[in-house]
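Morning, everyone. I have one structure to walk through today. Please have a look at it before I start.

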Amino acid sequence: MRDVKFLRVFLFSIICIVYLFSFSHLSVFAYEAFFTKEDSYATGTTIAGIDVSKMEKAEAKLSVQTGLANWQNTSSFFISYKERKEALPMDIFEFDLEKTMDEAQNESQSSAAVNVNYSKLNQFLTNFVGGEELSRISVKNLRRDLTNTAASLNSSSGTLHLEAYVPKKLQQRQTVSQASLKLSDEQIADLSTWLTKQKKLTIKGNTQFSLLENAKANDLVDFSDDSLSLLGSVLYEMFTNTDFEILERHTSRELPKWAHLGYEARILNKKLDLVVFNPNYLSYDVTLEMKNNELHASLKGEPFLYTYASEVKDPQQFKPKIVVQYATSLLPGTGQMIESGENGQLVKVFREVRWQGQSVKSILLGEDFYPPVHRVELRAFPISEENLPSSDDMSGSESNDSATESDPATEDSNPANNSGETDASLEENQNTDATQNAIGDQTTTSTEKTDDTTDNKKDDESTKSESSNSIDSSEGPKESEQPVSK
């Protein structure tokens, strides 16, 4: 008896619930059937992304027409292919308003009826990449994506990369740049260890590459700065003949013997790095190999549209100064060469960009300056003729020399007593005169100009002046690197 009562209550509850839900939904349909017009759209209807709920068809048509015109006038799309990027003409989109409205359905999201004009698109692409490159691109797939984008009006800007529409079987992998450097036996042994761990590395599209970070990631940190610099230099020279952007690069104070002028990349572990950026959509592979005592680096990937060639221009040389130092240990009229000196150099490295044989632009990659190394001469003190010893005094010359060397005044101003500081003084003079060298200052120090007929007073002043130039500092300059503009 209890089960029968429970069943009756349960069925009554189900009937009530069904009635309430049905009434709420049926009332909406009843309202729309009696109070809305037959030529208006129901709630939740969108056409080409435009909400036309409760709009009459004429009003909805006008609203959709306005939305299509605004999208076509305000939207901008770009087509990118390798190094080129250009705006897509929006008149290639042809909307069919009547068809759009006829295909629209109530309570649904309908797309716009649009056609991408094949003739206009093909003409644009031919002028953009050329007929040979266009033959590898699937224009059919490109039109499909453009049509889908325009049909929904859900994107007002963007970039389409044509590389994505090249089938894999038509993609090319060629050597687009290469460079090489001669190695010594020690360098060959060191870099051979590197090549056993890493002969090939990949630089992905729109990413940057750091030599030091790559070495750390591949457990290649136990290498000398000289070996890292050599590796960085050959990679830098290779990158100059591409469209890769040079973000960080440094040079030394003196050009290494193994480096090519204008293409040195100084690397110091955890301090100085070589960083480049790949601006392309596709990735490129760097291959390293040893051939005939040379390190070869090559970059492989899709060929560039433009032709890139680096060139060293505007070479300048700066003659070194002559630094004279005096010593009592030398006989009058004699001298000794300490440092022969080297000319300073200044060069500019440009990247020449060409398109179909025509020059597009010239990019300054950097200015490399190496200051001159001064010529250093050690000479005997000049003495006047009236102080020259006679033949009768030759027997006492030894005692006179001893007395001269023990003279306190002479010891204070005599650079010979500070021979251990000669190299440090020389390097400091090179640092302090770097700016003068850059503008071609070729004058010598005042101690060069000596006259055997001057009196003893003038000799003493010249000696004191040269001593102050030679021993002013007892500590050589610290190592410094010369950064190059990016």
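I'll go from the whole chain to the core, then to a helix pair, and then to single residues.

First, a caution: this is a predicted model. Keep that in mind for everything I say.

The whole chain, then. We have 486 residues, and 40% of them count as buried. The secondary structure comes to 14 helices and 23 strands. How far apart in sequence are the contacts? Take those with a separation of 6 or more: 77% of them come from residues 24 or more positions apart.

Now the core. The largest nonpolar core holds 87 residues. Three residues have the most contacts inside it: F93, W194 and L235. Which helix gives the most to this core? That is α9, residues 225-239, with 8 residues.

Let me stay with F93 for a moment. I leave out anything up to four places away in sequence. F93 then touches W71, Q72 and L88. It also touches V114, N115 and V116, and finally L146 and A150. Hold on to L146, please. L146 is in the next slide too, as part of α6 in a helix contact.

Here is that helix pair. Helix α4 is residues 118-129, and helix α6 is residues 139-152. They pack at an angle of about 120 degrees, with their axes 12 Å apart. The crossing of α4 past α6 is right-handed. Which residues meet? From α4 we have Y118, L121 and L125. From α6 we have V139, L142, R143 and L146. By type, that contact has 6 nonpolar residues, no polar ones and 1 charged.

Next, the loops leading into those two helices. Start with N117. It sits in the loop between β7, residues 114-116, and α4. Is N117 buried or exposed? Its relative accessible area is 17%, and the cut-off for buried is under 20%, so N117 is buried. A polar atom of the N117 side chain lies 3.0 Å from the backbone nitrogen of K120. Beyond its sequence neighbours up to four places away, N117 touches I92 and E94.

On to I137. I137 is in the loop between α5, residues 131-134, and α6. At a relative accessible area of 6%, I137 is buried. What is around it? Setting aside neighbours within four places in sequence, I137 is in contact with Y81, V129, L162, Y165 and V166. V129 belongs to the stretch of α4, residues 118-129. One distance for I137: its C-alpha is 9.9 Å from that of Q171, and the two are 34 residues apart along the chain.

Back along the chain to L97. L97 lies in helix α3, residues 97-102. It is buried, with a relative accessible area of 16%. Its contacts, again without neighbours within four places, are K61, V64, Q65 and L68. The C-alpha atoms of L97 and A113 are 7.1 Å apart, with their positions 16 residues apart along the chain.

Now to backbone angles. Most residues other than glycine have a negative phi. Two residues here go the other way. N292 has a positive phi, near 50 degrees. Where is N292? In the loop between β15, residues 284-291, and β16, residues 294-301. N292 is exposed, at a relative accessible area of 72%.

The second is D314. D314 is not a glycine either, and its phi is positive, about 50 degrees. Unlike N292 in its loop, D314 is found in a strand, β17, residues 307-318. Its relative accessible area is 42%, so D314 falls between the 20% and 50% cut-offs and counts as partly exposed.

Last stop, E377. This glutamate is in strand β22, residues 375-380. Is E377 buried or exposed? Buried, with a relative accessible area of 12%. What does its side chain pair with? It makes a polar contact of 2.7 Å with the side chain of R379. Beyond neighbours up to four places away, E377 touches I322, V323, V324 and Q325. Q336 and M337 are on that list as well.

To recap, in three points. The largest nonpolar core has 87 residues, and α9 gives the most to it. Helices α4 and α6 pack at about 120 degrees. And N292 and D314 carry positive phi values.

That's my tour. Over to you.

Key:
Residues numbered from 1 in each chain as written. Predicted model: local features only at pLDDT ≥ 70, side-chain atom pairs only at ≥ 80, totals over all residues. Heavy atoms only, no water. Core = buried A, V, L, I, M, F, W, Y, C linked by side-chain atoms within 4.5 Å. Buried < 20%, exposed > 50% of the residue type's maximum accessible area, 1.4 Å probe, protein only. Helix = DSSP H or I, 4+ residues; strand = E, 2+ residues; numbered from the N terminus. Contact = heavy atoms within 4.5 Å. Axes fitted to C-alpha atoms, helices over the stretch in contact; angles between N-to-C directions. Left-handed = near helix turned anticlockwise from the far one by under 90°. Nonpolar A, V, L, I, M, F, W, Y, C, P; charged D, E, K, R; others polar. Polar contact = N/O pair within 3.5 Å; in protein donor to acceptor, adjacent residues only side chain to side chain.
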